[in-house]
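This report concerns a structure with its sequence, and it is written for a reader who wishes to follow the confidence of the model, the contact between chains and the strand arrangement in turn.

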Amino acid sequence: MSGPYLELRGLKKSFGLKPILRGVDLDIQRGERVALLGANGTGKTTLLRLLAGLLKPDGGTICLEGVDVRREQQHLRRQVGFVGHQPYLYTELSVLENLVFFGHLYGVKQSEAQAMKLLEQVGLGQRARERVGVLSRGQLQRVALVRALLHSPDLLLFDEPDTGLDDAGVALLEKTLQTQAAQNGVVLFTTHQLEHAFAFSDRMVVLHQGRIVFQYASAALNMESFRRAYQKVVQ
Amino acid sequence: MSELALFFEQVWAILWKDLRSEFRNRQMLIGMGMFALLVLIIFNFAFDLRVDNKAAVAPGALWVAFVFASLLGLGRTIAAEREQGSLDRLLLSPVSRKAIYLAKLLGNVLFIGIVELVAVPVFAILFDVPLATGLLIPIVLLGTLGIAAVGTLFSALTASSQTREMLLPILIFPLIVPIVIGAVRATGSLMIAVSNEPPWLGLIAAFDVIFLSISLLTFEYIVDE
């Protein structure tokens, strides 16, 4: 059996004197969707930003397919698609211009055609030429989703991707995560919605005070029992 | 696609994005242009310009206008990306940090150049000085390149600071002194021929090369965490 796709060992990160991550160990296999849960300030976003290469760890290692990402930062960036809880798009540009711009940065061939195809899938094909500034919060989040998928990444990192999404948007998100896993990709996402975590993930991981304190297959858990135990932990 | 072709595609993409964004709202360009013109007008009224002291005062006024106007634009180079949160998305992509620097630098040179294109004719009229435009172009181009090279680097350094408007000039001014001196003296020599002048253009070009090299090498350590 081959090793894990993503392998974290003793990952540590502090901001100033405040330790955020105190030694995180985590393995994720290809085709797996992992929900990362925890109270505010427990290090979920920091962990995702470390995995995306936006932060450098103070200690520990991140290996992608057995390769330490410190040696291959660009390799990591090509494989990651990131959606944050804020879409962060260029408001002066149109939806399509934003996507084509990022397509060029990732070296995507025929980025305009690819962007249009994905925009159609998320129901924004008609709004491709409109400026990003006129879109609603949920629509912006869909555009951010398209941007993350544009270069067909193996690893999707979603930081509270359900923020601002309506029911149709949430269904779209679920479908995206399923497709990613079905295509042997990997998804690691954070959420505060336990229902979403249960519905969208294969495994639940709980982060508390900078450490993983619990992880288990979602299908084997009872949501109400888990909710009670989880609320005790985060409180 | 070869690495080099991808590099230049990324430079072009970032430059195109910045130009497109700026030409759609024009806030920065209008601000810089107005500022340069106001400085020239104020200097014109503040100094008693006679024929014998024009060559000593006018080039200084021109370059003060250029430098101050440049600072307005340079301060926004990376700060605007950081405020929008889009800097993270830029840094997430597999784009060379050198490509980001080069694109931002070219954008700055272009924006400052547009302001200079407007300011130079106004300067010539207000100060009533003969300017050999053909000879002024390399001076302005090299001077602008040096100012933008330093400014682009330090705009990244100060982008996350709340006091960047104050910090940026304090950091940039001491470094660009040689370039400004060279540019002022070279511009002055276009008005009154002076014998045995040092090769000011060569001096500016040398500083440009030094600043560009250092900036290209250090930019990634500044923008990455």
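The paragraphs below take up these topics one after another.

The model is a predicted one, and the mean pLDDT of chain A is 91, with 100% of the residues of that chain reaching 70 or more. Among the elements of chain A, the extremes of mean pLDDT both fall on helices, which are set out in the table.

| Element of chain A | Residues | Mean pLDDT |
|---|---|---|
| Helix H8, lowest | 223–234 | 85 |
| Helix H3, highest | 95–105 | 96 |

Where the two chains meet, 21 residues of chain B are in contact with 21 residues of chain A. On the side of chain B that touches chain A, the elements that contribute two or more residues are helix H1 (3–25) and helix H5 (86–92) of chain B, and H1(B) gives the most, with 9 residues. By character, the residues on this side of chain B divide into 7 nonpolar, 7 polar and 7 charged.

Chain A also holds an open sheet of 6 strands, which has mixed pairing and the order E6-E7-E8-E3-E9-E10. Strand E6 (80–83) and strand E10 (211–217) of chain A stand at the edges and have a single partner strand each, so one side of each is left without a neighbour in the sheet. From one strand to the next, the twist averages 15°.

At the E6 edge, E6(A) and strand E7 (residues 155–159) of chain A run parallel and are joined by 4 bridges; within this pairing, Val80(A) stands opposite Leu155(A) in E7(A).

How values were computed: Residues are numbered from 1 along each chain as its sequence is written. Chains are lettered from A and ligands numbered from 1 in the order in which they are written. This is a predicted model: local features need pLDDT of at least 70, side-chain atom pairs count only at pLDDT 80 or more; totals for chains, interfaces and linings use all residues. pLDDT is the predictor's confidence in each residue, from 0 to 100. Two residues are in contact if their C-beta atoms, placed from the backbone, lie within 7 Å. Ala, Val, Leu, Ile, Met, Phe, Trp, Tyr, Cys and Pro count as nonpolar, Asp, Glu, Lys and Arg as charged, and the others, Gly among them, as polar. Two strands pair if DSSP finds at least two bridges between them. Axes are lines fitted to C-alpha atoms, for helices over the stretch in contact, and angles run from 0 to 180 degrees between N-to-C directions.
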